[in-house]
Amino acid sequence: MKTSFIITSICLLLIFINCKPNALPGIDDKISADSLKADFKEITSNIETKVPTPFYLCPKSTYDSIKQTVEASLNKPMTVIEFYQKVSPMFMLLKDGHFQFFLSKKLVENLEQKNPELYFPFTVFIDHDRIFVDSCLRSDATIKKGTEILAINTVSSKDILNKLRYGVALKSNEENYFERRNEDRFYRSLLQGMGFRNNFSVKFAGKTVDTKGVSAKVVATLDDDGHDFSYKIAEGKDGIAYLGIKDLLTENRKKLDSGLKIFFKAVKQQHVNKLIIDIRNNYGGSTKLARDVFDYITDKKYLMDTGEESLQNSKKIFEIDTVPSIPKPMADKFMGKTILLTNVLCYSSAHMMANTFQYYKMGTVIGQISTEPLFISGEIQEGITSNTQSRAYFPTTNFYLPGYQKDKVTYFVPDYQVYPTIKERVTGKDAAVDLAIKMLGSNHQAKTR
């Protein structure tokens, strides 16, 4: 009886072990080559079978060649970070920011909890193959803004940036996006792309500084500036109104709508007829928020996109959109002169907003050539791999934007292009705003509301 009970217990335990999900690997644990190849197959299968047009900016033959090389390199056990570095060229190659690849969220959280000095303690500016200090995130900093970083952990800045490009050749607009995007998350790029963590040896001209990193809590504050929506109105009869919109996230729609109501009422009351709308560094969200803004600045009918394509039962489905959006008759509609500020980080629905604004001649655009074409992707899905539990994101829909040409890859090109120099960025000079003010014909200082 006792023996029978023991045998039954062992069987139940084995069943439980076999049925439970794969255990989360540690950051330095080695994962078998077979498991890595299985994860890689899951990732590439999603790209190849769930995305309607995955190779719009990358020839499939190039993708297939790199895929074969990556798969062959997964021939021995490696850590999740090493796996990340092997697979990342596939995502860089596609040249579409809606394809994203990250380490397991839980793994990173565990790593952050165990390592309170995990991340690189400087924010940076990147200029081609050079890296400069923006700010230091440690209180004991003595390095000035604008100081060039020559190497980190004995690896030159040039070699670091080349490694983060993963050997993919980039056009000028793509390089601009690469630099700005890696500036935005340089602490994460060094962890995932280089494996640097906790202790950093930073070489400057004439000296090398050995420093500890900073916590996840510290780097989280970089994303939380509290200014997702802001506005200013310059005083005086020739005043200029300024509207800054940092995201188009659905959860912020009520806040935006409330702010727009207050802002445009004040603009009308003060008889201001010059407006700057700033959507630089706006990664998008929902086009509904873009439409909310358009309600106040135009009477023109418009289309945000002219059609879309998706997959249904593995077959490509096309839908044409010919029904225009009609702006609402707002009581405080602005009918003066409007300038829109963009940059290469205007992405997704913000990219659509800029293109619609220009295409339907709602005003003048000052900014930068987009890295996203006028045939864009969206409707993102997440795939979590079985063994490394890495997160791979991929788009499931493509949209045709006004101005799209079927036989040619076209980009959004602003009316006036502005690319700040390192000197301008270090000193805080905003060449785009300066040009906008000059074009609007006013030198009045804006007063924050």
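**Reasons behind the labels**

In this predicted model, an open sheet of 4 strands runs in the order 6-5-7-8, with antiparallel pairing.

Me: What makes strand 6 and strand 8 the edge strands of this sheet?
Reply: Strand 6 (155-156) and strand 8 (207-212) each pair on one side only. The order 6-5-7-8 puts their names at its two ends.

Me: How do you know that strand 7 and strand 8 pair?
Reply: Two strands count as paired if at least two bridges are found between them. Strand 7 (residues 199-204) and strand 8 have 6 bridges, in the antiparallel sense. One pair of partners is Phe204 and, in strand 8, Lys207.

Me: What is known of the pairing of strand 14 with strand 11 and with strand 15?
Reply: Strand 11 (residues 274-278) pairs with strand 14 over 5 bridges in the parallel sense. Here Ile277 stands opposite Leu340 of strand 14. Strand 14 also pairs with strand 15 (residues 364-367), again in the parallel sense, over 3 bridges. Leu341 has Ile366 in strand 15 as its bridge partner. Both counts, 5 and 3, meet the requirement of at least two bridges.

Me: Why is strand 14 called largely enclosed?
Reply: Strand 14 covers residues 337-341, and 4 of its 5 residues are buried, so the rest of the structure largely encloses it.

Me: Why are helix 4 and helix 8 called roughly perpendicular?
Reply: The axes of helix 4 (residues 80-94) and helix 8 (residues 186-194) cross at roughly 95° and come within 7 Å. Angles of 65 to 115 degrees count as roughly perpendicular. The two helices are therefore roughly perpendicular to each other.

Me: Which residues meet where helix 4 and helix 8 are in contact?
Reply: From helix 4 come Ile81, Tyr84 and Gln85, and from helix 8 come Leu191, Gln192, Gly193 and Met194. By class, this contact has 4 nonpolar, 3 polar and no charged residues.

Me: Why is helix 10 called roughly parallel to helix 11?
Reply: The axes of helix 10 (residues 253-269) and helix 11 (residues 287-297) cross at roughly 10° and come within 10 Å. The label follows because angles under 35 degrees count as roughly parallel, and that makes helix 10 roughly parallel to helix 11.

Me: What residues make up the contact of helix 10 with helix 11, and how do they divide by class?
Reply: Helix 10 brings Arg253, Leu256, Asp257, Leu260, Lys261 and Phe264, which meet Lys288, Leu289, Asp292, Val293, Tyr296 and Ile297 in helix 11. These residues divide into 7 nonpolar, no polar and 5 charged.

Me: Ser88 lies in helix 4. Is Ser88 buried or exposed, and how do you know?
Reply: Buried means under 20% relative accessible area. Ser88 has 6% relative accessibility, so it counts as buried. Leaving out residues up to four places away in sequence, Ser88 touches Phe101 and Tyr166. Ser88 and Phe101 are 13 residues apart along the chain, with 6.9 Å between their C-alpha atoms.

Me: Is Leu161, in helix 6 (residues 157-165), buried or exposed?
Reply: Leu161 has a relative accessible area of 0%, so it is buried. Not counting residues up to four places away in sequence, Leu161 touches Ile126, His128, Asp129, Arg130, Ile131 and Phe178. From Leu161 to Ser189 is 28 residues in sequence and 9.7 Å in space, C-alpha to C-alpha.

Me: Why is charged Glu179 given as buried or exposed?
Reply: The relative accessible area of Glu179 is 4%, so this residue is buried. Glu179 is part of helix 7 (residues 172-184). Apart from neighbours within four places in sequence, Glu179 is in contact with Ile126, Asp127 and His128.

Me: What label does Thr410 get, and why?
Reply: Thr410 has 10% relative accessibility, so it counts as buried. Thr410 sits in the loop between strand 17 (391-400) and strand 18 (416-417). Beyond residues up to four places away in sequence, Thr410 touches Pro373, Leu374, Gly403, Tyr404 and Gln405.

Me: Why do Cys136 and Cys346 get the labels they have?
Reply: Partly exposed lies between the limits of 20% and 50%. Cys136, at 23% relative accessibility, therefore counts as partly exposed. Cys346 has a relative accessible area of 5%, so it is buried.

Me: How many disulfides are found in the whole structure?
Reply: The search finds 0. To count, a pair of cysteine sulfur atoms would have to be within 2.5 Å.

How values were computed. Residues are numbered from 1 along each chain as its sequence is written. This is a predicted model: local features need pLDDT of at least 70, side-chain atom pairs count only at pLDDT 80 or more; totals for chains, interfaces and linings use all residues. Side-chain values use heavy atoms; hydrogens and water are left out. Axes are lines fitted to C-alpha atoms, for helices over the stretch in contact, and angles run from 0 to 180 degrees between N-to-C directions. Angles under 35 degrees count as roughly parallel, over 145 as roughly antiparallel, 65 to 115 as roughly perpendicular and the rest as oblique. Contact means heavy atoms within 4.5 Å. Ala, Val, Leu, Ile, Met, Phe, Trp, Tyr, Cys and Pro count as nonpolar, Asp, Glu, Lys and Arg as charged, and the others, Gly among them, as polar. Buried means under 20% relative accessible area, exposed over 50%, partly exposed in between (1.4 Å probe, protein chains only).
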